[in-house]
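Here is a set of short exercises to work through with the structure open beside you. Try each task first, then compare your steps with the solution below it.

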Amino acid sequence: MKTNRFSEWLSPMIFILIIALLAACGNNENAGQTAASDNNKGKDVTLTFWHHYSSASPEEKVLTDVLIPKFESENPGIKVNAVAFPWDELHKKIQIGGSVNELPDVARLDIIWVPEFQATDLLVALDEEFSDFAEVSKNFLEGPTSTAKVGDHYYALPLNTNTKVMFWNKEWFEQAGLSAAPATTDEFFEALGKLKATNGNGWGFGEPALQGWNILPWIWSNGGDVLSPEFDTAKGYLNSAETVNIITKLRDKYNAGELSGFKQGDIPVTEGHANSTYAMMVEGPWAFAQFQSQFQDFNAMTASFPAGSAGSVQVLGGEDIGIFSKAHKQESWEFIKFLTSEYAQVEMGRVGQIPVNLQAIEHADIKAIDYFTPFLEQLKTAKARPPIAQWPQIDTILSDTMSIIFLSDRDVQAELDAAADKIDALLKK
Amino acid sequence: MKQQKWSGVLFLLPGFLFFCLFLIYPLLRNFLYSFYDFKLSNINHTVYVGLENYARVIEDPIFWISLKNIIIYGLISVPGQMILGFIVAYALNASTKSSKIFRTFYFLPVVTSWVVASLIFKFIFTDQGLLNYLITDVLHLTESRISWLSEPAKALSVISMLGIWKGVGWAMVIYLAALQNVPKELYESADLDGSNTWQKIRYITLPSIKFTTFFVQIMLIIGAFNVFTSIFLITKGGPVHQTEVMLTWMYSKAFTEYDLGYASALSYTFAAIIAVLTFIQFKINKLN
Amino acid sequence: MEFLKKTTTAIALTIGAIISIYPLIFMISTALQPATFLFEYPPKLFPSEPTFQNFIQAWTSQSFSVYLGNSVLVTLLSFVFLFVFSSTMAFAYSRFEFKGKNLSFSIIMAALVIPSLTLIIPQFILINKLGLFDSYWGLVFVYAAGAIPFTTFLLKGFFDTITKDIDESVYMDGGSSLRLFISIILPLSKPAFVPAIIFNMLTIWEEFPWALTIINDPLKRTLPIALATFQGQYTTQWGIVFAGSLIAVLPLIILFIFLQRYFIAGMTAGAVKG
């Protein structure tokens, strides 16, 4: 019985067609997810919120278990869908998302990303869009708020702030005959030798990397800089005598085996500080959270960052929160106002996120957190990194240059000259 | 007969069209991109630049470093996997229970994801990691701890070792299958002639599995050129791009700087190199 | 002499086996350690205070079970497309002559040489144009397409070992090529599917860059992405990362042990004879 050849093909063809149809239907669910999702069920709006609180961290738990439920109960009709990304990937996702219109409504942004995303017209100008912006922004610390300003407008609200302070190991110091943390850069360099002599297997100081975040405080406190005050050139600043001076001193100490931490394979600095590998380190408030969970017996001591000729100038860090949404601007605004309100800021403050909300800073629970004090003090003189769109690329040039300088014996002045040229070329574009 | 011919095409077509859409079409688009100044910032108004991207590739010092690194990696890891894989397969070519257990042990690294394997190796090779502990504190082979991951040469050898560790099981399995196809009579007559093990391997085993060896070699070389995750996680191409390989450098150009046109030129140059190498291997194999 | 040879072989094999498993044991032991002891020196092989805390945290912190389900779903769907297309193409190449046969086969084999990483950007733009961004299908189609060259090659090799006499008898009975394919060739080829499943599953299960690029909805994430988010900006909870990785690798190991019997048989005729 010879069956019709064609009819035998029918079933697999139909199978393939069904799959194709399912594919087409399947993506209709997904299309327009960031857009008109309020057409689905009545007036319910779902906001997508991208952040980089790491999974299983206390701050992420506060966000999902406390803050979002509270917001949703106070704002019936608005739901929040929070998505976690690793820091690096979040940056990429927004960049890629911007090019294909697949952006979240709201995102937590590292302060150095704000100029970049403003330059590509992704962020909503809050002071233009919302009439109560002026009122709301009065409640925040000035420094962090300025990180959200690009040109004449504000493109985000500050969310949390941080900086770094000097941590020092009291026992080790005492063994080396030192009674207190170094107050000046000169004292710092002197201490390194003594600390190393006491413990040959460790280092006097650990710095986890050589990016702007790490190296700028040293440069700034000692009279140097990366860019001019108008952020239009690096020549004369990155390769100034002061910058060359401090970098050379640091490299000499690295070559003498007195500081380390940024090489691949080096013991991670925070853990190393707790287990007596690095006598000193410069880190942010998250170090305390880490000590509390991993090294409960360690007694961390803090002090101001050593002052150089230009004072004790640390780098300002922190995160802002911005709106990308086109369809749900008002709801997004309500959400970010909530996250920067006293209540939310105190909740986050309890797990180590230093608040920017002025009332929250005065709140009893926050004041009770001892370890915030040195940071708040250091914040008074902290300086922000240049608020320009090319900063992430400049940071890469800086980091590569510093790596070359530290890991080889090339001439510091020559390397910094070359780097300044590269940066200037970037700024001209 | 005609029915036959059309049946063939009908069987081929759905899969081939699917394949062309999702693989060949992007491949060709990628080739096109390499002739444009195509960045994320100008994604909607790219500029045609002809061969400029390719000229940049040739002048790019890190391109050459990455090429050198991947060749070194290949020269260490491919023979390593082949030789060790063969030895283990030969030794475990029995149906005993212990052989089967050993085989599973050797295959476990293959089943481990690259991400996990890289993280574990990173852990073991850090300055205060397990290996240094054994070498310095337990066996006292060296005075001070060896910095495995911060010097390019050492880091590259760590990554090559990871490649071998991860791939031996795969080669072993393929060789095992091939070994089971070698006719036993050949060995029996060799025994009668009084040959020893080494002679048996050299004159009977190896020639019998020539095709397998060639297949393994090609697959391992292609695999070596594709190495990415281990370098990305262990050294990130550092320090200062000294341990970059083809894919990590292309990735950083594409996804960190979003210099997409240039990244496409890089990937095509790499692909051309791999293709030429594969072609040469085929020719050499034919000659043998 | 024989005895000496046998013992040295045994010892060498054992050392090799230890080197093979040791890193995994280290991973398990790290996963069982509470965070405090991760950077202890000297490093310990066996945790002094073993705890399942890391596993619990890994599982509960972000709907890990959802990610596991997603990985399973994506892998299964990819396999459906992969096997349907690879087997039909392998059948065509094995059994028929037609114009463009060699050319198309060469194209497919040439694609083996292309690293999938290099195609991410054009694939991203394509998937977006097809409206499949942030969907399972975006993953499935690209994974399946990427695995086609190797699988087609493997299956074709196996099909070639099935004598063409069978074809003759089917046609003489009045059956069509489809009948030959479905009722004879496929069932006979079961052993070849085993290595195809194992090798492809390895690649798809742990694929990271593509999944990261096109999946935004956290509920659609696959395991590798989930594991990456345990790494913080300043610090990483290694114990949890390893615990999560172990959970992620478990299905693969179970599958391998289960299929081990068929594995060697499948490889025998498949790629080996070519």
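**Exercise 1. A tryptophan and its neighbours**

Which residues does B:Trp170 touch, not counting residues up to four places away in sequence? Please keep in mind that the model is predicted.

*Solution.*
Step 1. Start within chain B: B:Trp170 touches B:Phe107, B:Val110, B:Phe215, B:Val216, B:Met219 and B:Leu220, leaving out residues up to four places away in sequence.
Step 2. Then look across to chain C, where C:Phe199 is also touched by B:Trp170.
Step 3. Now place this tryptophan in its wider setting. The largest nonpolar core has 195 residues, and B:Trp170 is one of those touching the most other members, along with B:Phe18 and C:Trp210.
Step 4. Ask who supplies this core: helix α6 of chain C (residues 136-160) gives the most, with 16 residues.
Step 5. Finally, look for a second, separate core. It has 73 residues, including A:Trp172, A:Ala176, A:Ala234 and A:Ala420.

**Exercise 2. Two helices that cross**

Find the angle at which helix α5 of chain B (residues 114-125) and helix α1 of chain C (residues 2-31) cross, and describe their contact.

*Solution.*
Step 1. The two axes come within 10 Å and cross at roughly 85°.
Step 2. Angles of 65 to 115 degrees count as roughly perpendicular, so α5(B) is roughly perpendicular to α1(C).
Step 3. List the partners. From α5(B) come B:Val116, B:Ile120, B:Phe121, B:Phe123 and B:Ile124, and they meet C:Tyr22, C:Pro23, C:Phe26, C:Met27 and C:Thr30 of α1(C).
Step 4. Sort them by class: this contact has 9 nonpolar residues, 1 polar residue and no charged ones.

**Exercise 3. Checking a helix length**

Test whether the span of helix α11 of chain A (residues 241-255) agrees with its number of residues, then find what covers its buried side chains.

*Solution.*
Step 1. With 15 residues at 1.5 Å a residue, α11(A) should span 21 Å. The expected span counts one less than the number of residues.
Step 2. The end C-alpha atoms of α11(A) are 21 Å apart, which agrees.
Step 3. Pick out the buried residues of α11(A): A:Thr243, A:Val244, A:Ile246, A:Ile247, A:Leu250, A:Arg251 and A:Tyr254.
Step 4. Their cover includes α9, α10, β9, α19 and α20 of chain A.
Step 5. Look just past the helix: A:Gly257 has a positive phi of about 80°.

**Exercise 4. Another helix in chain A**

Identify the buried residues of helix α15 of chain A (residues 342-350) and the elements they pack against.

*Solution.*
Step 1. In α15(A), the buried residues are A:Ala344, A:Gln345, A:Val346, A:Glu347, A:Met348 and A:Gly349.
Step 2. These pack against α2, β6, α14, α16, α17 and α18 of chain A.
Step 3. After α15(A) comes A:Gly352, with a positive phi near 105°.

**Exercise 5. Buried or exposed?**

Decide whether A:Pro229, C:Ser177 and C:Leu246 are buried or exposed.

*Solution.*
Step 1. Recall the cut-offs: under 20% relative accessible area is buried and over 50% is exposed.
Step 2. A:Pro229 lies in the loop between α10 and α11 of chain A. Its relative accessibility is 58%, so A:Pro229 counts as exposed. Its C-alpha atom is 12 Å from that of A:Lys383, 154 residues apart along the chain.
Step 3. C:Ser177 belongs to helix α8 of chain C. With a relative accessible area of 6%, C:Ser177 is buried. Beyond residues up to four places away in sequence, C:Ser177 touches B:Ser7, B:Phe11, C:Phe91, C:Phe96 and C:Tyr171.
Step 4. C:Leu246 sits in helix α12 of chain C, and at 15% relative accessible area C:Leu246 is buried. C:Leu246 and C:Ile28 are 218 residues apart in sequence, yet 7.4 Å separates their C-alpha atoms.

**Exercise 6. Whole chains**

How many helices and strands are there in chain A, and how many in chain C?

*Solution.*
Step 1. Chain A has 20 helices and 12 strands.
Step 2. Chain C has 12 helices and 0 strands.
Step 3. Add burial: 57% of the 429 residues of chain A count as buried, while in chain C buried residues make up 61% of 274.

How values were computed. Residues numbered from 1 in each chain as written. Chains lettered and ligands numbered in written order. Predicted model: local features only at pLDDT ≥ 70, side-chain atom pairs only at ≥ 80, totals over all residues. Heavy atoms only, no water. Core = buried A, V, L, I, M, F, W, Y, C linked by side-chain atoms within 4.5 Å. Buried < 20%, exposed > 50% of the residue type's maximum accessible area, 1.4 Å probe, protein only. Helix = DSSP H or I, 4+ residues; strand = E, 2+ residues; numbered from the N terminus. Contact = heavy atoms within 4.5 Å. Axes fitted to C-alpha atoms, helices over the stretch in contact; angles between N-to-C directions. Parallel < 35°, antiparallel > 145°, perpendicular 65-115°, else oblique. Nonpolar A, V, L, I, M, F, W, Y, C, P; charged D, E, K, R; others polar.
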